[in-house]
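Visitor: I am new to this structure and would like a close look at a single part of it. Please begin with one residue and work outward from there.

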Amino acid sequence: MAECHPVGFQWVMEAKARGAKIIHVDPRFTRTSAVADQHVPLRAGTDIAFLGGIINYVLTQGKDFREYVVAYTNAATLVSEDFVDTEDLGGLFSGYDPETGTYDTSSWAYEGLDPAPASGKREMDEQPGGGVERDETLQHPRSVYQVLTRHYARYTPDMVAEITGVPVAEFLAVCEAVTANSGRDRTTAFVYSVGWTHHSVGVQYIRSAAVLQLLLGNIGRPGGGILALRGHASIQGSTDIPTLFNILPGYLPMPKVGVHDTLAAYLASISSPGRKGFWANADAYSVSLLKSWWGDAATAENDFRFDHLPRLTGDHGTYQTVFDMNDGKVEGYFVIGQNPAVGSAHGKLQRLGLAKLKWLVVRDLQEIETATFWKDSPEIETGELVTEDIDTEVFLFPAANHTEKAGSFTQTQRMLQWRNKAVDPPGDARSELWFTYHLGRLIRERLAGSTDPKDLALTELTWDYPTEGKHDEPDGEAVLKEVNGYDADGLVSGYTSLKADGSTRCGCWIYSGVYADGVNQSNRRKPGQEQDWVAGEWGWAWPANRRTLYNRASADPDGKPWSERKAYVWWDETLADGAGRWTGYDVPDFELDKRPDYRPGPDDTGVAGLSGDDPFIMQADGKAWLYAPSGLLDGPMPAHYEPHESPVRNALYIQQANPTRQVFKREDNLSNPSAGEPGVQIFPYVFTTFRITEHHTTGAMSRWLPYLAELSPEMYCEVSPELAAERGLEHLGWATLTTARSAIEARVLVTERALPLRVGGRVVHQIGLPYHWAVGGGGALVEGDSANDLFGVTLDRNVHIQESKVSSCDIRPGRRPTGAALLAHVQGYRDRAQITTETGNQQSRPVERGEMA
């Protein structure tokens, strides 16, 4: 965090000055480690084992915050007797199909619930006859608490040490510190970087932290939570109002072909009439979104133009798209604020795919490598690409930077902060808003008068933003108002005002209220002085300006703070009007007038179906999930699996890697062998990538700047003195790193920041690679080989994100070969490891109960 997010890290340092303890768990020793009270180096890709060990410690030592756990989580809920855990199936959960590499999740359900409907979702509503069964004593063997206890029983301190390389004493010191700082009077926060998601089990990394924090009572309370440090200023915003293929604004799911052919079918799968919690109002959120996009053309008679939305036919993520490019299935591509030739896994695959396009649009501050791949990529050097044979027409548009445009950032706290334009952009540089609006305007003008049904989605689109200035820049605040939403009387005050009857319009329901009272709430601040965040200054956090989600959990079931020291929101019976209200230092994430002792009737649904002590209002049972009975594709509880390419055997299970991971078995995506496969000894070293303070992402905003380029001018690799001695590497000399995909060269930095670890009875060396460099780019002051060229493409099945934080490689002294010799060098490694499309992808199989490795 100090290295990559130094502005935010100032608050960690302020906390430290007040006595807070900082523990840094990271494979590398960094600027954060230097100021931490404890640095814990661990093997990359083993965080679930580390967190699972802490969970086991909490459960076996009785350190959980029992009152919180019983009242606010599903710990007491009983799991179906059909569920079988990994212990009995060699690392697989029940329902696994080895032919498809997927799970039938019906056996993961709560006891008393029907199997999942065709939509794949399961409602958590109480059923007639008592609904889900609970044991408040937590003693029933099929209670979530006991299932969880058995699941993590094998994650002992010794097992954690064997898998992660963290010595037992160091691990126990973390356990003791975290548990001692949790409970009624104290809370602990977990802070992770986006790299935690860049694994084939990335979603389960985050789930592991959630399970631990829930057991300790650290969710919904001040000083607790799980904070995601995003890779750029508004990455949170780009998922809220998404650049992702499978969700709509506000995390509404994209409709699927053959499943959601009508609006009714779509709404039935996300907001059925019997559902509890605020997702029961998803019909209002969805219809308001459709009305925002298609205005008067969207009516109840035509399903509010639901037919204009595309339907998912499968995986349309960035990596599937790149494979489709290479197969000639994609003609054109927009690259806006990205640099896939450098920043995406398997850089060679990215560049070869770009060469198969008919046209490519790149918008950036510089002539980045994605725009110049056709003349200076490494594949030109090797002869795999010939400039004269590339038909891709590249359109390079100069972009405005953040000081040259107005708009909002949504940062990691879900907080929208408005920035005003300081200066006009130079020359032809324009903002993304300008580019998108005018491109849409020109297309709509060309299609004006068309009667072709496929054109209606564009011609009926609401696209009437006012413009200003000499370049006709669209008014960003007008867009923000549309995002906030309208009804017949004007701007709505928040998402609870949205309706499903077509009377409201809203571009993103979770952002509704950002323009409440006709004021740009994201622009409320007092420059040059302390901000009163309780009064809503210094930005606006979704939803409803709540700074902490699920903050009803900061009070006990009776509505009283767990302790005065940690008072945050509470139930107040002493208001002048005689009516009780939720109040406190934050906007309560709860119905303000719902008493703690409120209990729903047997027929109550929606928000009314939640009790006064159900703080997790987006969950259909009002409880936080220690165990996920639905919604995940790779298991109801996190389990440790080795990375897709790992020289280490899984010490916990027969199953080596995540059995549901998305593997692309293609000649252009060959994998290094994993432990237990022939040829693994050819790639014996673990490597990981990282960022440094001096450069930003792929270097497009830093390698062109002389001061930053001078501070860190060359691509390098961090190796330990022991690895340097083992491989004959010289400090400041050159090294060649090789995988089945490519080979790169880097300067050698021999440093004790890179520590060898003892794992499973042997020493495992780790290599650190910054990912800011690349070859090419028009005008970059410094160049170097790209770390991401070494990775293949293997994805987390839940969210289709790449495993680009850990892999295996070989390292040798000297510079890499050039030209055709580079291809021969890599092919030699493949031949020695006998790599084909069938290797490196260990198959998953069900095993008999009790079968052990």
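Guide: H800 counts as buried, because its relative accessibility is 17% and the cut-off for buried is under 20%. The model is a predicted one, and every value given here is computed from it. H800 sits in the loop that runs between strand 29 (794-795) and strand 30 (807-813). Its phi is positive, about 60°, although H800 is not a glycine. For background, most residues other than glycine have a negative phi.

H346 also has a positive phi of about 60° and is not a glycine. The loop that holds H346 lies between helix 13 (340-343) and helix 14. H346 is buried, with a relative accessible area of 3%.

From H346 the chain leads into helix 14, which covers residues 347-354. Helix 14 packs with helix 12 (residues 318-326) at an angle of about 50°, and the two axes are 8 Å apart. That angle makes helix 12 oblique to helix 14. The crossing of these two helices is left-handed. On the side of helix 12, the contact uses Y319, V322, F323, M325 and N326. On the side of helix 14, the residues that meet them are L349, Q350, L352, G353 and L354. Sorted by type, the residues of this contact are seven nonpolar, three polar and no charged.

Next to consider is the loop between helix 11 and helix 12, where G317 is found. G317 is buried, at a relative accessible area of 8%. G317 and F245 are 72 residues apart along the chain, yet their C-alpha atoms are separated by 6.2 Å.

Helix 11 (residues 282-294) has a packing partner in helix 10 (residues 263-270). Their angle is about 140°, with the axes 9 Å apart. Helix 10 is therefore oblique to helix 11. Here the crossing is right-handed. Helix 10 contributes L263, Y266, L267 and I270 to the contact, and helix 11 contributes A282, D283, S286, V287 and L290. These residues divide into seven nonpolar, one polar and one charged.

The next subject is the nonpolar interior. The largest nonpolar core has 114 residues, and L252 and Y285 are those with the most contacts inside it. Helix 3 (residues 47-60) gives this core its largest share, nine residues. Setting aside neighbours within four places in sequence, Y285 is in contact with L252, F278, W279, Y495, L498 and W509. There is also a second, separate core of 35 residues, with I692, A709, A787 and F791 among them.

Helix 3 takes part in a helix packing as well. Helix 3 and helix 8 (residues 202-215) pack at an angle of about 15°, with their axes 9 Å apart. The two helices are therefore roughly parallel to each other. Their crossing is left-handed. From helix 3, the contact takes in D47, I48, L51, I54, I55, V58 and L59. From helix 8, it takes in Q204, Y205, S208, A209, V211, L212 and L215. By type, the residues of this contact are eleven nonpolar, two polar and one charged.

Another loop, between helix 7 (168-180) and strand 5 (190-193), holds T187. T187 counts as buried, at 8% relative accessibility. In sequence T187 and N218 are 31 residues apart, while in space they are 5.7 Å apart, C-alpha to C-alpha. Not counting residues up to four places away in sequence, T187 touches N181, N218, R221, P222, G223, G224 and K566.

One peptide bond remains to be described. The bond from W542 to P543 is cis, with omega near -10°. In general, most peptide bonds are trans. P543 is found in the loop between strand 18 (540-541) and strand 19 (569-572).

To return to the starting point, H800 is a buried residue with a positive phi of about 60°, placed in the loop between strand 29 and strand 30.

Key: Residues are numbered from 1 along each chain as its sequence is written. This is a predicted model: local features need pLDDT of at least 70, side-chain atom pairs count only at pLDDT 80 or more; totals for chains, interfaces and linings use all residues. Side-chain values use heavy atoms; hydrogens and water are left out. A nonpolar core is a set of buried Ala, Val, Leu, Ile, Met, Phe, Trp, Tyr and Cys residues joined through side-chain atoms within 4.5 Å. Buried means under 20% relative accessible area, exposed over 50%, partly exposed in between (1.4 Å probe, protein chains only). Helices (H or I, at least four residues) and strands (E, at least two) are DSSP runs, numbered from the N terminus. Contact means heavy atoms within 4.5 Å. Axes are lines fitted to C-alpha atoms, for helices over the stretch in contact, and angles run from 0 to 180 degrees between N-to-C directions. Angles under 35 degrees count as roughly parallel, over 145 as roughly antiparallel, 65 to 115 as roughly perpendicular and the rest as oblique. A crossing is left-handed if the near helix is turned anticlockwise from the far one by less than a right angle, and right-handed if clockwise. Ala, Val, Leu, Ile, Met, Phe, Trp, Tyr, Cys and Pro count as nonpolar, Asp, Glu, Lys and Arg as charged, and the others, Gly among them, as polar.
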